[in-house]
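Student: Please take a close look at one part of this model, the sheet with a helix packed on it. Then carry on to the aromatic rings.

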Amino acid sequence: MLKAHNLTSLEGNLLENAIKNDFGLEITDTEKITTGYVNQVFKAKLQNQVVFVRINKDGNIFKVEQLGYQIFKKQGIPVPEIIAFKENPQSIGYPTMIMFSAEGSNLDKIDIPQEQKDNIYERVGELLRKINETKLEGYGPLKIINQKLVGEFSSWKEFCESQEENNLNVLDFFLKKKLLTNEDCDKVKKIYKEIALLDFGKASLLHRDMRPAHFFVKDNDISGVIDLGYMAASDPRDDIAVSLSFQNPEQQKYFKKGYGDLANDPVVNKYGVTMLIRKMYFRLQDETKGDVDILLPILKKALEEF
């Protein structure tokens with residue numbers, strides 16, 4: 001298992017000097033908060049305001065995020081301001097984005113009365129519905145054509161077919177690890193086929209990672225939605241399933257109230273199974289991401305419905 005390493009060796013004063021050379025901005029108090037193979041994130045101060053310096057090997061990710069933040073802002077969804085972006089800054093050497101921190105605190109880090117939390121989760125449902133109301137051409141991972149976000153695949157069928165081989169390899173992996181039975185895998189394969197046959201019209205813009213750590217709260221309302229790196233053009237029920245996976249039953253009740261009827265669609269449960277498979281496989285590939293023992297019983301219970 002490979003150990004995480006730094007994308008760039010720049011940090012501290014070296015990074016601060018590089019930011020000044022490349023962007024003309026004087027940041028201070030830099031602190032590395034994310035280390036990875038393809039991206040790094042630093043927290044810093046810019047004129048006494050908290051900012052994040054994000055460095056990534058793939059500049060397209062930042063370009064897609066920029067358009068995503070613009071769409072969110074037009075919809076009235078609170079997002080942090082992007083200060084600067086360069087695809088090839090000379091001193092840093094990798095695509096770099098600098099943005100202000102969202103106002104407020106993460107929901108999972110604040111202590112507020114239960115009634116206020118209920119209202120916040122209802123609001124999360126409302127905001128995710130707003131995000132999903134944006135319709136896009138194409139399906140799957142996003143690219144940019146004529147300054148518009150577009151899914152990489154021209155049809156839902158084509159996108160699902162592109163996933164088939166990987167899906168089967170993942171299930172074979174679970175079988176060999178004796179985490180799933182043949183019966184379990186047959187149920188999952190059936191779910192994949194049923195999802196591939198869905199006809200939901202044009203794809204929606206999906207956030208795909210609406211967890212408590214990715215939205216901020218201030219004055220009893222959501223003050224910022226962040227981390228658009230997993231956005232896609234797809235079925236909004238997939239986005240709902242991902243969001244529900246980070247919530248307990250009480251939170252789910254209020255989230256569904258805010259989102260509306262689609263949150264209770266049975267297809268959401270099918271996407272929930274595929275989401276658990278993805279999450280477990282990811283954790284098994286990277287031992288730093290946690291134990292699958294918590295997720296396996298949840299997956300087993302979900303499969304009992306099918």
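**The sheet and the rings**

Tutor: Strand 11 (residues 215–218) and strand 12 run antiparallel, joined by 4 bridges. Two strands count as paired if DSSP finds at least two bridges between them. Strands (E, at least two residues) and helices (H or I, at least four) are DSSP runs, numbered from the N terminus. Phe 215 has Val 225 in strand 12 as its bridge partner.

Helix 3 (residues 114–132) packs on this sheet and touches both strand 11 and strand 12. Contact here means heavy atoms within 4.5 Å. The helix direction makes about 45 degrees with that of strand 12. Axes are lines fitted to C-alpha atoms, for helices over the stretch in contact, and angles between N-to-C directions run from 0 to 180 degrees.

A word on the basis. This is a predicted model, in which local features need pLDDT of at least 70 and side-chain atom pairs count only at pLDDT 80 or more, while totals for chains, interfaces and linings use all residues. Residues are numbered from 1 along each chain as its sequence is written, and side-chain values use heavy atoms, with hydrogens and water left out.

Now the whole sheet. It is open, with 3 strands in the order 6-11-12 and antiparallel pairing. Strand 6 (105–106) and strand 12 (221–225) are the edges; each has a single partner strand, so one side of each has no neighbour in the sheet.

On to the rings. The whole structure holds 10 aromatic pairs. Rings of Phe, Tyr and Trp (its six-membered ring) pair if their centres lie within 6.5 Å; planes under 30 degrees apart count as stacked, over 60 as edge-to-face and the rest as tilted. Phe 153 and Phe 159 make a tilted pair, at 5.8 Å centre to centre and 55 degrees between the planes. Phe 153 is buried at 18% relative accessible area. Phe 159 is buried too, at 16%. Buried means under 20% relative accessible area, exposed over 50%, and partly exposed in between (1.4 Å probe, protein chains only). Both rings belong to one aromatic cluster, formed by Tyr 139, Phe 153, Trp 156, Phe 159 and Phe 200.

Phe 173 and Phe 174 also pair: their ring centres are 6.0 Å apart with planes at 70 degrees, so this pair is edge-to-face. Phe 174 is buried, at 0% relative accessibility.
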